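Here's a quick tour of one chain, with the sequence and the model side by side. Have a look first, then read on.

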Amino acid sequence: MLEKLLAGDDEASVAALAALRSGATYTVRDASLPSEQHAGVFALRLRRIRLHGVEPLGMERMVRLLREHGRPVRGGLIDSVDQRWTFLCYFTEDGSALVACTRLKRWVEPSPL
């Protein structure tokens with residue numbers, strides 16, 4: 001089902017689908033929250049991330065789509081097999097459609113051992 005929802009044509013959902021097909025782990029929340037709440041949080045995060053010279057794949061689009069959606073959404077995470085990327089996805093409240101997706105680089109500290 002998740003693969004069908006990620007069958008969009010934007011770069012972030014295409015990359016999320018590829019990660020999922022490569023064995024990525026995922027979770028989708030049962031609870032939903034207002035999309036504007038998520039849009040506000042990620043608009044702030046996007047500004048901070050850009051201060052470090054990083055442009056996360058699809059985040060600006062995700063913020064815009066969440067604001068336009070204007071209804072509650074369910075969040076989901078997909079973690080790539082190599083643990084380099086996390087995909088943050090938002091679905092309609094009933095889980096029947098993808099609202100928005102972004103890819104974030106994970107900041108994993110190397111083990112000192």
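## Helix H4 and its charged pair

First off, this is a predicted model. Let's start with arginine 64, which is partly exposed at a relative accessible area of 42%. Its partner is glutamate 68: the two side chains meet in a salt bridge, 3.5 Å from N to O. Both residues sit in helix H4, 4 residues apart, or about one turn of the helix. Glutamate 68 is exposed, with a relative accessible area of 54%.

H4, residues 59-69, also has a buried set: Met59, Met62, Val63, Leu65, Leu66 and His69. What covers these residues? Among the elements doing the job are helix H3 (35-51) and the strands E3 (72-79), E4 (85-92) and E5 (98-105). Just past the end of H4, glycine 70 takes a positive phi of about 65°.

## Salt bridges between distant parts

Searching the whole structure turns up 7 salt bridges. One of them pairs arginine 61 with aspartate 10, with 3.6 Å between the closest N and O atoms. That pair links distant parts of the chain, since arginine 61 is in helix H4 while aspartate 10 is in the loop between H1 and H2, 51 residues away. Arginine 61 is partly exposed at 34% relative accessible area, whereas aspartate 10 counts as buried at 13%.

Arginine 21 and glutamate 3 form another bridge, their closest N and O atoms 3.3 Å apart. Here helix H2 (residues 11-21) brings the arginine and helix H1 (residues 2-5) the glutamate, with 18 residues separating the two in the chain. Arginine 21 is exposed, at 56% relative accessible area, and glutamate 3 is partly exposed, at 36%. There's also a network of salt bridges, which ties together Arg50, Glu55 and Glu60.

## The largest pocket

Now for the empty space. The largest pocket holds about 640 Å³ and has 30 residues in its lining. Which residues lie nearest its centre? They are Phe42, Arg45, Thr86, Leu88 and Leu104.

H3, E3, E4 and E5 each give the lining at least two residues, and H3 makes the largest contribution, with 6. Those four elements are also among the ones that cover the buried residues of H4. As for chemistry, the lining of this pocket splits into 15 nonpolar, 8 polar and 7 charged residues.

Key
Residues numbered from 1 in each chain as written. Predicted model: local features only at pLDDT ≥ 70, side-chain atom pairs only at ≥ 80, totals over all residues. Heavy atoms only, no water. Buried < 20%, exposed > 50% of the residue type's maximum accessible area, 1.4 Å probe, protein only. Contact = heavy atoms within 4.5 Å. 1 Å grid on protein atoms, 1.4 Å probe; cavity = no way out; pocket = protein on both sides within 12 Å on 5 of 7 lines; lining within 4 Å. Points joined across faces, edges and corners; volume = space filled by probe spheres on them. Nonpolar A, V, L, I, M, F, W, Y, C, P; charged D, E, K, R; others polar. Salt bridge = Lys/Arg side-chain N within 4 Å of Asp/Glu carboxyl O.
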